[in-house]
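Colleague: Please take a close look at the local backbone in one loop. I should then be grateful for an account of the other places that deserve inspection.

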Amino acid sequence: MASPCVGKKLVHLDLKGAPPRIAYLAQLFPLFSQLGADGLLMEYEDMFPYEGRLEVLRATNAYSPDEIKQILDLAKSNGLEVIPLVQTFGHMEFVLKHQQFSSLREVSCTPNAINPHKEQSLELLQCLTDQVMALHPEAQCLHIGADEVHLLGSGEESQEWLKVQGNNLDKLFVSHVKKVAERVLSAHPHLTLIIWDDMLRGMSQDLLKDSGIADVIQPMIWDYNPTLDVERTVLLIEKYQQSGLSKLWLASSFKGSTEVNQSLTCIGNHLANHTQWLKVVTALPKDTTELQGIAITGWQRYDHFSVLCELLPVGLPSLAACLQTLQHGEFNEEAQRTFQQALGVVNVEADTFVREDFGSFPGSEVARLINHINAYLKSTVDGFLEGNRYAIGWFSPYHRKKRIVHPIMLQQFEPEAKGLLLKWELVAQNLQAAMDLLYYPDTVEEWLDEHVNPALDPLRGFLQDLQEATEQLS
């Protein structure tokens with residue numbers, strides 16, 4: 001089966017959560033290239049080394065300018081184009097959460113969206129994009145975000161603007177995006193600017209055409225659903241094309257789009273998403289469609305304040321399958337062979353969240369341990385605390401409160417409880433050691449606090465109470 005042409009295949013790295021160490025990226029980029037990727041969509045957020053008045057935006061472990069250069073050199077040596085992504089409307093939490101920029105919020109109580117009416121907003125956004133472009137001198141494209149602008153039009157200045165006859169939310173959105181784009185292009189005229197398309201979808205064809213937005217941006221149409229509506233998406237693309245937005249990008253997903261706190265990835269869900277996208281591409285007229293590429297997104301957080309989604313090592317088998325599906329037009333035998341060879345696995349295991357074959361790909365030990373913890377930790381601890389008849393009968397919540405325990409019955413459950421805790425704390429230590437090689441300490445701490453400690457703390461508390469009750473026996 002011939003593969004429909006989707007243009008450049010970009011791997012999206014969402015660095016607002018669990019940003020990889022440079023040493024790990026050095027292992028990943030050759031794999032991405034081997035699997036068919038052409039480039040990277042780098043969503044730095046607070047991992048970029050902003051300077052001057054923007055230095056406050058830096059995360060504790062933000063990459064240094066030298067590390068950004070290392071990333072670019074690694075990408076170039078593996079044939080990967082780098083497209084930076086800088087949010088310029090919605091999802092501005094990493095900027096607007098800071099007190100010195102809070103006056104630029106669209107709505108004062110929430111840092112999601114920037115106020116589109118203030119000159120200072122445009123100056124801030126220009127400063128953000130200029131600093132990013134200064135460290136990406138060879139970049140030909142810049143993604144300026146602009147998705148999910150929650151509460152757009154709810155600010156006081158927007159409310160006044162909307163009272164003027166002829167003004168509406170769609171025009172407010174387009175007006176701001178055009179202003180941002182024109183400023184960026186004035187400073188960097190060689191750039192192609194990309195935005196997420198969701199805020200454009202409900203706009204009329206006439207508004208889009210008359211706005212002139214097609215002169216300054218190219219939309220990236222995103223849909224991560226395994227049951228993506230092919231017919232509806234084709235109609236949307238046709239509307240964009242008839243509005244002058246002839247050059248288009250697509251965006252699929254290989255992880256981070258199932259649940260906000262998802263920690264395991266089912267390949268099948270994401271393969272289905274890519275299969276639907278290929279149906280869309282096949283249905284488009286070849287002579288008028290100018291697809292520039294597809295970003296295979298791998299979200300690490302739903303937004304700046306949410307919990308971590310699946311870590312990159314867990315999602316790599318899904319990424320491999322998705323890239324090969326785009327390469328071959330389907331996940332056929334040839335695609336599966338490349339998948340197996342690249343990852344060092346024997347089994348594809350497409351239709352399960354819990355894998356058993358982890359091969360030898362970069363980060364496979366982290367993926368193995370995370371799978372093991374998710375599959376067995378909570379069930380084994382709960383199984384003991386709720387299923388051991390001696391623990392239930394002779395060290396109940398009331399016994400624990402009063403620190404009462406029968407010294408003979410104690411022997412029926414204490415060894416099992418201690419053994420269970422020792423076993424899982426050893427697994428957690430092994431995971432921490434494996435994660436330390438790939439991630440910074442705050443990522444390791446966050447993952448353990450979200451997925452290990454909540455399951456182990458009840459057992460730790462049980463044993464602490466048991467120790468205190470035992471001490472009262474002597």
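**A loop residue and its wider setting**

Modeller: A146 lies in the loop that runs from strand 6 (141-143) to helix 5 (156-162). The model is a predicted one. The phi angle of A146 is positive, at about 75°, although A146 is not a glycine. Most residues other than glycine have a negative phi. With a relative accessibility of 1%, A146 counts as buried, because the limit for that class is under 20%.

A second loop residue invites a similar inspection. R403 is not a glycine, yet its phi is positive, at about 55°. R403 sits in the loop between helix 14 (397-402) and helix 15 (414-436). With a relative accessible area of 22%, R403 is partly exposed.

R403 also leads to the salt bridges, of which the count is 21. In helix 15, the side chains of K418 and E414 form a salt bridge, with 3.4 Å from N to O. K418 and E414 are about one helical turn apart, because four residues separate them in helix 15. K418 is partly exposed, at 49% relative accessible area, whereas E414 is buried, at 14%. Elsewhere, R400, R403, D465 and E468 are joined into one network by salt bridges that share partners. Within that group, R400 and D465 meet through their side chains in a salt bridge of 2.9 Å, N to O. This pair connects distant parts of the chain, since R400 belongs to helix 14 and D465 to helix 17 (residues 453-473), 65 residues apart. R400 is partly exposed, with a relative accessible area of 22%, while D465 counts as buried at 14% relative accessibility.

A further place to inspect is strand 1 (residues 8-14), which is largely enclosed by the rest of the structure, because six of its seven residues are buried. Strand 1 pairs in the parallel sense with strand 10 (residues 290-298) over four bridges, and V11 has I296 as its bridge partner in strand 10. Strand 1 also pairs in the parallel sense with strand 2 (residues 39-43), over five bridges; there V11 stands opposite L40. Together with helix 1 (residues 22-34), strands 1 and 2 make a right-handed β-α-β unit. D14, which falls within the range 8-14 of strand 1, forms a side-chain salt bridge with K16 at 3.1 Å, N to O. D14 and K16 are both buried.

Conventions. Residues numbered from 1 in each chain as written. Predicted model: local features only at pLDDT ≥ 70, side-chain atom pairs only at ≥ 80, totals over all residues. Heavy atoms only, no water. Helix = DSSP H or I, 4+ residues; strand = E, 2+ residues; numbered from the N terminus. Buried < 20%, exposed > 50% of the residue type's maximum accessible area, 1.4 Å probe, protein only. Pairing = 2+ DSSP bridges. Right-handed = clockwise from strand over helix to strand, strands pointing away. Salt bridge = Lys/Arg side-chain N within 4 Å of Asp/Glu carboxyl O.
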